[in-house]
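User: Please go through this structure with me. I should like each term set against its definition.

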Amino acid sequence: RVYDPAPFPEQRESLGRWLGPAHNIGQDLCYYILKSNGQVIARTSVRALTEDELNDPADKLHHDEFDKSITEAIGSFDPDLIQGIPIDEPKEPLLEPPISPLEPAQHTTYGPDTLINASIILPRGDRSELGKVVRRKRNNEGLLIGRKH
């Protein structure tokens, strides 16, 4: 749900689809939200639906209407557009780390990781908690596991 500016006593929450973080827009915890008319907005006041809202028949009907209005506004989802998994790692290292003659190289560094120290909101039950990225996992060859969204 998204909190929209509205005069009292109108409802301030509206249903929206979370698209991801809005980098370089607003504050640190700003996200792109898809509205029912197909418009993408950036908001900092968002929350996940609760279990009760996900299971309530009246709310399910509202969610179906929301999905239908999005389909009317921007068309239906085409899974063929996202079948290929993008590779967000560069083919060549951006920076070569200095290798000490006493220490063998552990892995190749592929530039700065912009996700380190990022603040994130993690769903936990029917609420959200603030978290912080401290590191990314690497495989046996030293390459990052996972990808940015």
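User: Which residues are exposed on the other side of α2, and what makes them count as exposed?

Analyst: This is a predicted model, in which local features need pLDDT of at least 70, side-chain atom pairs count only at pLDDT 80 or more, and totals for chains, interfaces and linings use all residues. Residues are numbered from 1 along each chain as its sequence is written, and side-chain values use heavy atoms, with hydrogens and water left out. The exposed residues there are P57, A58, D64, K68 and E72. Exposed means over 50% relative accessible area, buried under 20%, and partly exposed in between (1.4 Å probe, protein chains only).

User: Which residues of α2 are buried, and why are they said to lie on the same side?

Analyst: D59, H63, F66 and I70 are the buried residues of α2. They lie on the same side of α2 because they cover an arc of only 55° around the axis; the arc is that of the directions from the helix axis to the C-beta atoms.

User: What covers the buried residues of α2?

Analyst: The cover includes β3 (17-21), β4 (31-34) and α1 (51-55), where contact means heavy atoms within 4.5 Å.

User: Why is α2 called a helix, and what span does α2 reach?

Analyst: Helices are DSSP runs of H or I with at least four residues, and strands are runs of E with at least two, numbered from the N terminus. Helix α2 (residues 57-74) has 18 residues, so the run satisfies that definition. From first C-alpha to last, α2 reaches 26 Å, close to the 26 Å expected at 1.5 Å a residue; the expected span is 1.5 Å times one less than the number of residues.
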